[in-house]
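Me: Please take a close look at one part of this model, namely the open sheet with the helices packed on it, and continue to the internal cavities. I would like a connected account.

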Amino acid sequence: MNVKGKGRVVASSRLLLCSIVLAGLASAASASEKNAPTPLTDVINQSNMVSYGGAANFFGGTYINGFIGASTYYTNGFTGTLATAANVEGGGIWNGHVVLTKVTTYKDGTGALTGAAARQEHATGVGSIIAGFWGASGQPNVTNGIAYGATLWGSNLATGFGGGGSFSDTDSTVYSSYFKTLKGGADVTNSSWGFSSSNLANQQQISSGFVTQTVAIDALVAESHKLAVFSAGNSGDAGGNQVFHNVSGIGAGFNTLVVGSSGPNGTYTGRSSFSSYGPNTYYNPNTGVFTDGVRARVDILAPGEEIDMADYDGNLTHTTQYWAASGTSMAAPAVAGAASLLVDAAKGKGYANGTDNRVLSAILMNSATKLAGWTNNAANVGGNWKTTQALDFKQGAGQVNLTKGWDQQNSGTTDVAGLGGGTVKAIGWDYGQVSDTAATDYLIDPVLLGGSNFTATLVWNEGAHAVGNQDGITGGVGIDHLSDLDLQLWTSNAGVATDLVAESNAGFINREHINFTIGKNYHYILRVKFLGQNYNFDQHANSEVYGLAWSGTAAAVPEPASMAVLALGFLGLVARRRRK
């Protein structure tokens, strides 16, 4: 199967995959995960997902739902009820477990294993993190998932299973699985699997995102505008060339939301040592040149160490058994669950564009908490605080934080009318559009507080295509275009941009992120600017739709009593003048 630019063969992915297998392909459920001690068979009252608390207290660890702020959504009445999430990987969810009886829909890949032959421990555990819920009347809520009210689907893309979590698949079983979920009604898909190679040249191409399966999924995301969440992988701090540490598999592409793991268990204050990270390789299909070490590819972190999950070991009687493991496989479903809560709120509140993958990504990333050591290497360039990296290579935008996410989604501007920007509040989000060589402006009113932090995140999709249907790829895949957008913050004088003060201009990714300290109390303009195309094979119309989120702090305004005093003083002055 060929990966193509318009009229240009870039790589023969079927041959590449074959050579990768010979060189040591690891196509697995995020291989190298670390299992905790023996699972428990009998469980008593335990509500909501937690991390492993030790042999004497299996469920005594951190309450993950609360830690990432999901309780804020629950308090406001959103548990995922209006959202549909799908777990797509090598293996299907076992719905015999008490927290997963809700899973009645399976969107297995065409040609992949189905039914009992597809059920796997890994998929079962991951599914319980997304939306597990013991809903039987009078029963305890045992390890509820993040979006425990959501509809949950399973999808297996594997044709067979090997040891250590590995599995076999085909381009068409992979494509058809995502076709059936992304185009078949799921709002969010989670995928805790990946592939990599022990061959440096092959791994470099995988790291660039320029292989058939990666381009195909990017195409389905671009066409459906649905959110696809992928684990970053577990090659982390392994030895060897930096390329081997990189995000691999589908996550190495452009349009998926990539999740790294945080740890240690109990505090989750930094990136887990095993969690893969960037900078990834960039491939330019115009020139055929690979450039290593330039693309940030981790978008966000979530707790991924020693997470308790529903278990399936082939014994159909163990309906209340659990196991614990560490890996980016455990972090990704937490973010997929978080995104499902955002979808629930967007639908419940009538945000028409609030379920778009670009909007969801921007909101989740912009509300993330930056952990110790976070940097996007911004520097002061002629008075302009500028980054050409956008995100931290290891943390992305930071760790998922749904308490801040609730405010980001609901407390300020919630989608500006039309697509052309406008006047907005200090915090909010928008689904907008920018045209070639032009800019879309957002006048932030009120005045922002000097000395406060301002963040903004811009996300758009790379254009790609795949010729296929629910039975798989039928006519190849191709790269179409990658727009180069810029995100800027300007001071404003009567609505006119005056001085550029902060800028994110990362030329090799489709994300921009500003994290900047406001210099003084002032009005500001947030600007999305279209700089051009990195490549353009489909005669793209030179405009781009995006998701944008921002968060600043409004400067205090005088209290009404103070205003009254000022008004009286002014009137008194006027009166004295009139008496002269």
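Reply: What follows describes the sheet, its helices and the cavities in turn.

The model is a predicted one. Its open sheet consists of five strands in the order 20-22-30-24-28, and the pairing within the sheet is mixed. Strand 20 (413–414) and strand 28 (511–517) occupy the edges; each has a single partner strand, so one side of each is left without a neighbour in the sheet. At one of these edges, strand 20 pairs with strand 22 (residues 427–435) in the parallel sense, over two bridges. Within this region, Thr413 stands opposite Gly428 of strand 22.

Two helices may be described together with the sheet. Helix 10 (residues 402–410) packs on the sheet and touches strand 20, strand 22 and strand 30, its direction making about 55° with that of strand 22. Helix 9 (residues 357–366) lies across strand 22, strand 24 (453–460), strand 28 and strand 30 (543–551), and runs at about 30° to strand 30. Strand 22 and strand 30 are thus named among the contacts of helix 10 and among the strands that helix 9 lies across.

Strand 28 also leads to the cavities. The count comes to two cavities of 30 Å³ or more. The largest holds about 40 Å³ of space. Its lining is formed by Asn376, Ala378, Trp385, Thr387, Ala502, Glu503, His513, Ile514, Asn515 and Phe516. Strand 28, an edge strand of the sheet, gives the largest share of this lining, with four residues. Strand 19 (384–387), strand 27 (496–504) and strand 28 each supply at least two residues of the lining. By class, the lining of the largest cavity divides into five nonpolar, four polar and one charged residue.

The second largest cavity contains about 30 Å³ of space. Val294, Ala296, Thr388, Gln389, Ala506, Gly507, Phe508 and Ile509 line this second cavity. Five of its lining residues are nonpolar and three are polar, with no charged residues, whereas the lining of the largest cavity includes one charged residue.

A further site completes the account. Thr214 is found in helix 7 (residues 212–224). Thr214 is buried, with a relative accessible area of 0%. Leaving aside residues up to four places away in sequence, Thr214 touches Phe195, Gly209, Gly249, Ile250, Ala252 and Gly253.

Definitions and conventions: Residues are numbered from 1 along each chain as its sequence is written. This is a predicted model: local features need pLDDT of at least 70, side-chain atom pairs count only at pLDDT 80 or more; totals for chains, interfaces and linings use all residues. Side-chain values use heavy atoms; hydrogens and water are left out. Two strands pair if DSSP finds at least two bridges between them. Contact means heavy atoms within 4.5 Å. Axes are lines fitted to C-alpha atoms, for helices over the stretch in contact, and angles run from 0 to 180 degrees between N-to-C directions. On a 1 Å grid over the protein atoms alone, a cavity is a set of points where a 1.4 Å probe fits but cannot get out, and a pocket is an open set with protein on both sides within 12 Å along at least five of seven lines; lining residues have an atom within 4 Å of a point. Grid points are joined across faces, edges and corners, and a volume is the space filled by probe spheres set on the points. Ala, Val, Leu, Ile, Met, Phe, Trp, Tyr, Cys and Pro count as nonpolar, Asp, Glu, Lys and Arg as charged, and the others, Gly among them, as polar. Buried means under 20% relative accessible area, exposed over 50%, partly exposed in between (1.4 Å probe, protein chains only).
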